[in-house]
Amino acid sequence: MKHLLLLFCLVSQVSLNGQSSFVIAGSVRSISGEWLSNANVILGKVDADSTIISLTQTDKNGQFNLTYPASVIGDLYLKVSLIGYWDYCKVLTSARSHSNLIFMLETKVIVLHEVVVTDKSPIKIKNDTTTYNLNQFSDGTERKVEDLLRKLPGIKVSENGTITFKGKAIDKIMLEGDDFFEKNYKLLSKNVSASLIEKIQAIENYNNENLLKGIQPSEKVVLNLKFKKNRLKSAFGNNEVSFGHPQLYNLNTTAFAFLNRLKVGFLGNTNNTGFDALDDAKYNLAGNDEETGKINREAAPFQSPIVNELSTPLPISRSRYVINQARLGAVQLNFPLSPRLKLSLYGYWQSDSRWIRNVNSVNYLLPDSIFSIKESGQNTYSPISLFGRWKLVYAIDSISSWSYTGSINKNDLNYRYQYSVLQEAISEQTTGTVNQSTPSNFQKIAYLRRLSPSSAFVTEVEYRGVFNNLQNTIVPNRYTQLFGIGDASYSAVQLATINEKRLTANGKWIGVLKKHNYEAGIQYARYTGYLYSDLLLQKESQQLEITNPIYINQLAYRKNSWAVEVKDEFTTGRVKYTGSLVARFIKLTTKQAGGADRNTFLNYMEPKLAISYRPNGRSKFSLQAQRFYNISGISDLYKNYILTDYRNFIRGNGNINRNAPLSVDLNWSYANSEKYFFMYLSGNYQQQNKPFLSFLINDSAFNFTTRIPFPIINYSVGLNTEISKFLPSLSSRFGVTGNYLQSQLSNFFNSQLRNNTVTNLGTGFYLITAFDKWYNLDFEGSFNWNKLRSDDELRSDKQLLKNAFFRQKLSLRIQPAKLITIKVTGERFHWQTFTGNTVTQFLDALIKLTLKNSRYSFEFKGLNLLNNRSIIYNNINNIVVIQNSYQLAPRYLLGTFFFDF
């Protein structure tokens, strides 16, 4: 450790003392030969932010002289400006001293008459910023920003609202360059009206910290929404009021106010149309990774021992199969309290009760047969979330700042299912109710100082606590025999408490040394966790505690860890090399009920290597490989059973495991704004050397699963691609997509090791026209095929399952008059499943009236006009095949009034 700290200090000293500088000198005069005084001379980097390195003004003789550090790398620009003259800009391709530079400025002639400038280019690419002119992509039927994003080349929006650009997940959405709702960008994409937005920018390599720009590389991608100029006033927004049949409503308000220094955003929604203003699947949302990600960061992701989620969502619009009652209120305030002190606040409250009726056919793949269970009933999922976050940033001076970030989060969940279960000609009724309460809080203090033009120091102290209380109540009669109770009227009640806390302190040096961007840091973290579970039988006010210790858990978990990290990014020509190494030193202490402390010491290295190549300004290639470790967490180590749902028990095995996944990522992208052509290819390979496997024992009444670490290699390999071409002559965009994924999944099933391979293959295409005519078309098609193959030597049918999914969608947009838009959409789904073929067809229609020079518009929409009743969807893994049949929401008609203000 002493040697590492000594090396640390030496690196820092080199960054601080090993500097030299270059001098640029010259003069500025007019074309007529007059020397110009007080002209601004700016030296900056040719990058996405045009980072300013140095600036000065000419003296009374038109002379200037400025210096800059020799550590600055890359192309530079020298810009000269003076009121009444045209700006002059010169690119300096080599970092060295320059003398006797002469700039001659041309007098600017101003003609006072109205000038209208139009830019019809649909896509502009400048450095790391891609700008989409929405006039070329919008047809007027889009309601929200999310609808616009689905039409932009290079941007994808998943069914649950996750947004990617060139295959990479975005970090956040900004409004006019300001942060609003941080990583909860779905609050914006799902609620902000499309009618407010003029342009959308995708910004790559974005850095949140201004003091670190130019010295710390970033891989983040953000979107920036540009409002229409006529909307940027003190207060503006959009209201929607919708009512329909049968007894439907949707009320939505989006409001923003830019009042001098104060910027306010408000979003509100209440509906029962299946629309989710946040996210389809998760309710635990907050601001940043450190607030919502793994609290035990060196461990595998926490897995709740109790099932508290709906069945797998369908790959169709949620409004087709979910009946709900949702409410959302969210507010953001950005306010500079003084020139140096800035405050930002945001919070939201959300509730969303959802009802889904479905039939599940669960088929366990035994070596010589299939064991089937049929479940039919209703799921009710009712989360309530309350979240608040605040951040203070104080600029001590021009080179240093401190910040304080805090948040509180309270999630309450009630999940209820009522099933009629049929297995082996035996039928029973079962009801399960999960009540979960999860308060959490987060605090972080950070200090940042720019030590020199080429180096900085960052130190942070952070605390996070998560407290999880669960109760699972199940009412069947099958537990009486398991526990030897003669009375079948008892319910099973599973209690579980999982509390986690983490305190982290770290310091990091960041800098530039010649062509190297380096980082070096040290971190200390203390994590404590506690898990307790107990199983009861309950009837009215009577309770019987199950005293068998195999159903009781009491686990204490403590971890102290030190980490030292070094990172270097080296650029030569068009190639960038990145390497990092993290050395971790961990002391892990666990204690099971009735046992003594068990100490485990772990030391390991986590290397990461990456290379990227830009052959020109249009394409980029990158390759990255990293090895990291997942150490057993608290959800891996409880060694006694917890009841997860009406027939499943699960436990860990109490042994520490150090799984060492290997990840390799490949990305290539090409964008030609002149030819409106875009393409990307991304690939990923994941390998786990010692994963946790499920050891499942199955019988007619229960499944008992033990998660054990096992010396086996599991892998997955995936590819994704998209090619998109905009044809200006036809005002049309055409694109092709493709994806491939193969995974090897291993599990023990009734004491037998199962190695199965799941292969997924998909392709799709789309054609979107924007003719300047009374008609237009949107056409989409996709095909997804998956196969489950067994490596079990005892099975004669190695190929267990093939599953194919076809989707076609055709929309016809008609504009019989300038103010009227009609859109008719037909959508067809076709499944080839292990039980036969299934076809479902949808017909939707929309009529929109926009009054000329008015803030008002009207819309009438009909969904599922064919009134389809159900749809089937399959899920497979190496143990079980599940066929889900969902009851669809009935035909509905909805009228909407829009008002912009």
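**Confidence.** I began with the confidence of this predicted model, and I noted a mean pLDDT of 82 for the protein, with 88% of its residues reaching 70 or more. I then looked up the weak stretches: over residues 109-119 the pLDDT is below 50, and beyond near neighbours in sequence I find 3 contacts for this stretch in the model. Residues 280-289 also stay under 50 in pLDDT, although the model gives them 37 contacts beyond four places in sequence. I read the placement of both stretches with the pLDDT below 50 in mind.

**Sheet.** Next I followed an open sheet of 3 strands, which I wrote down in the order E4-E1-E7, with mixed pairing. At its edges I have strand E4 (63-69) and strand E7 (98-105), each of which pairs on one side only. From one strand to the next I noted a twist that averages 25 degrees. Looking at strand E1 (residues 21-30), I found that 7 bridges join E1 to E4 and that the two run antiparallel; as a point of reference, I marked Val 23, which stands opposite Thr 67 in E4.

**Lys 144.** Last, I looked up Lys 144, which I placed in the loop between strand E9 (129-133) and helix H2 (145-149). Is Lys 144 buried or exposed? Its relative accessible area is 9%, and because buried means under 20%, I entered Lys 144 as buried. I then listed what Lys 144 touches, leaving aside residues up to four places away in sequence: Ser 189, Lys 190, Asn 191, Val 192 and Ala 194, together with Glu 240 and Asn 252.

Methods: Residues numbered from 1 in each chain as written. Predicted model: local features only at pLDDT ≥ 70, side-chain atom pairs only at ≥ 80, totals over all residues. Heavy atoms only, no water. Helix = DSSP H or I, 4+ residues; strand = E, 2+ residues; numbered from the N terminus. Buried < 20%, exposed > 50% of the residue type's maximum accessible area, 1.4 Å probe, protein only. Contact = heavy atoms within 4.5 Å. pLDDT = per-residue confidence, 0-100. Pairing = 2+ DSSP bridges. Axes fitted to C-alpha atoms, helices over the stretch in contact; angles between N-to-C directions.
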